[in-house]
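These are my notebook entries on one structure, written down in the order in which I looked things up.

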Amino acid sequence: MLIVMTPEATAEEIAIVLDRVESLGFQARALPGAQRTAIAVTGNEGPVPADRFESLGGVREVVRVSAPYKLVSREVKPEDTVITFANGVRVGGDGFEVMAGPCAVESREQILETARVVKAAGASFLRGGAYKPRTSPYAFQGLKADGLELLAEAREATGLLVITEVKDTESLPLVAEYADVLQVGARNMQNFSLLEAVGRVDKPVMLKRGMSATIKELLMAAEYIVNAGNAQVMLCERGIRTFETMTRNTFDVAAIHMLRHLTHLPVIGDPSHGIGLWHGVPALARASLVAGAHGIIVEVHPSPADAMSDGPQSLKPYRFERLMRELEAIRGAMRGLDAEAR
Ligand code: PEP
Ligand code: MN
């Protein structure tokens, strides 16, 4: 349920409503918006008695939230969440940010060189796994703590923000010390202990869609993180498993649109895992932008043939540079269309 306050409601009136919610045994969360404050009521199994709130001062209306995800839904918060970083980069709203780098951090030379080229091409985040969740226990598992050190060095050298995967609750404190964004991978989308744990950390999280997860399950997983106290969550469409075998996954462009429609959280497209083939990455990156994504995460490697993971889907630097120019041109065209529509 959502209690919508009038724009004139005072802090005291809001506090009285919060107290009333808690005295009835529910949880209350104030959501300050541009126009008015709303109070989300969660923790209820059945209906909350709306009449206990309607008569309180400063309350405009009491709305039933029909979606099972509450805190992440647009019903509860109509305006986009924008995640702002210390260097001024913003993810969400009207912006489009590019996260780029290798699948895994492999060596000092590899990560520093990739960081330099993606920065020069206009990316704002460096991606790179230090802890890699691999299908095979015999495959390269990542440089772990040494990889985090190398990412920090690359951030220092370029000013890029760092996004890296957190694989489990054990490594979370260390990863959170180094990362600007904690990536929760597809294989962990429904690892509820990990979701609650990143929900208690004061760092933005990018939650990737599970391989066989519905859009609703992705939103419910995000709800775990926000409910645990961390509202800085972005969602990532990275392709799902279907009957198709020609591509690594089936990239669900419709999910980008549906997520924009259903949630206020920023939405990121991952064309690399979405198709698994480098030659398809630019097309899906462009599709992500046009479908409404707030950004993309792309695998780039100085020498894809030598990559220790995901080489076949990694772009060479010059192809990434070309893609960045294409995205800029498309953004210009989209701005023109917006202006015409107004
Ligand atoms: C990755 O980003 O390299 C990765 C492992 O992605 P996913 O969790 O989507 O498979
Ligand atoms: Mn990868």
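Entry on T263. I began with the contacts of T263 and found that, leaving aside residues up to four places away in sequence, T263 touches V72, S73, R74, L219 and L235. I keep in mind throughout that this is a predicted model. T263 sits in the loop between α8 and β13, and its relative accessible area is 0%, so I enter T263 as buried. I also looked for a polar partner of its side chain, and noted that a polar atom there lies 3.1 Å from the backbone nitrogen of L265.

Entry on the barrel. Next I asked myself in which order the strands of the barrel follow one another. I read 8 strands that close in the order β7-β8-β9-β10-β11-β12-β13-β14, with parallel pairing. On average, and with direction ignored, I find neighbouring strands of this sheet turned by 25 degrees against each other. I then turned to α8, which packs on the sheet and touches β12 (233-237) and β13, and whose direction makes about 170 degrees with that of β13.

Entry on β8 and β9. I followed one pair of strands through the barrel, and recorded that β8 and β9 (residues 161-165) run parallel and are joined by 3 bridges. Across this pair I found F125 opposite L161 and R127 opposite I163. Is β9 enclosed or open to the outside? I count 5 of its 5 residues as buried, and therefore describe β9 as largely enclosed by the rest of the structure. L161, I163 and E165 point one way from this strand, whereas V162 and T164 point the other way, and I find all of them buried.

Entry on S124. Just before β8 I stopped at S124, which lies in the loop between α3 (108-121) and β8 (125-127). Its relative accessibility is 10%, and because buried means under 20%, I count S124 as buried. The side chain of S124 makes a polar contact of 2.5 Å with the side chain of E97. Not counting residues up to four places away in sequence, I list V89, E97, V98, L160 and L161 as the residues that S124 touches.

Entry on the manganese ion. Which protein atoms are the donors of the manganese ion (ligand 2)? I noted C103 (SG), H273 (NE2), E299 (OE) and D310 (OD), which lie 2.0 to 2.4 Å from the ion. Along the chain I wrote the spacing of these donors as C-x169-H-x25-E-x10-D. H273 belongs to helix α9 and E299 to strand β14, so this pair ties together parts that are 26 residues apart in sequence. I checked the accessibility of H273 and E299 as well, and both are buried.

Entry on α10. Last I looked at helix α10 (residues 281-291), where I found V281, P282, L284, A285, S288 and L289 buried. Seen down the axis of α10, its buried residues fall within an arc of 170 degrees, so I note that they line one face of the helix. As general background I added that an α-helix has 3.6 residues a turn, so residues three or four places apart point the same way. I then looked up what covers the buried residues of α10, and the cover includes α8 (253-262), β13 (267-269), α9 (271-275), β14 (295-299) and α11 (317-341). After α10 comes G292, for which I noted a positive phi, near 115 degrees.

Note on methods
Residues numbered from 1 in each chain as written. Chains lettered and ligands numbered in written order. Predicted model: local features only at pLDDT ≥ 70, side-chain atom pairs only at ≥ 80, totals over all residues. Heavy atoms only, no water. Helix = DSSP H or I, 4+ residues; strand = E, 2+ residues; numbered from the N terminus. Buried < 20%, exposed > 50% of the residue type's maximum accessible area, 1.4 Å probe, protein only. Polar contact = N/O pair within 3.5 Å; in protein donor to acceptor, adjacent residues only side chain to side chain. Contact = heavy atoms within 4.5 Å. Arc of directions from axis to C-beta. Pairing = 2+ DSSP bridges. Axes fitted to C-alpha atoms, helices over the stretch in contact; angles between N-to-C directions. Donors = N, O, S within 2.8 Å, 3.2 Å for Na, K, Ca; no water.
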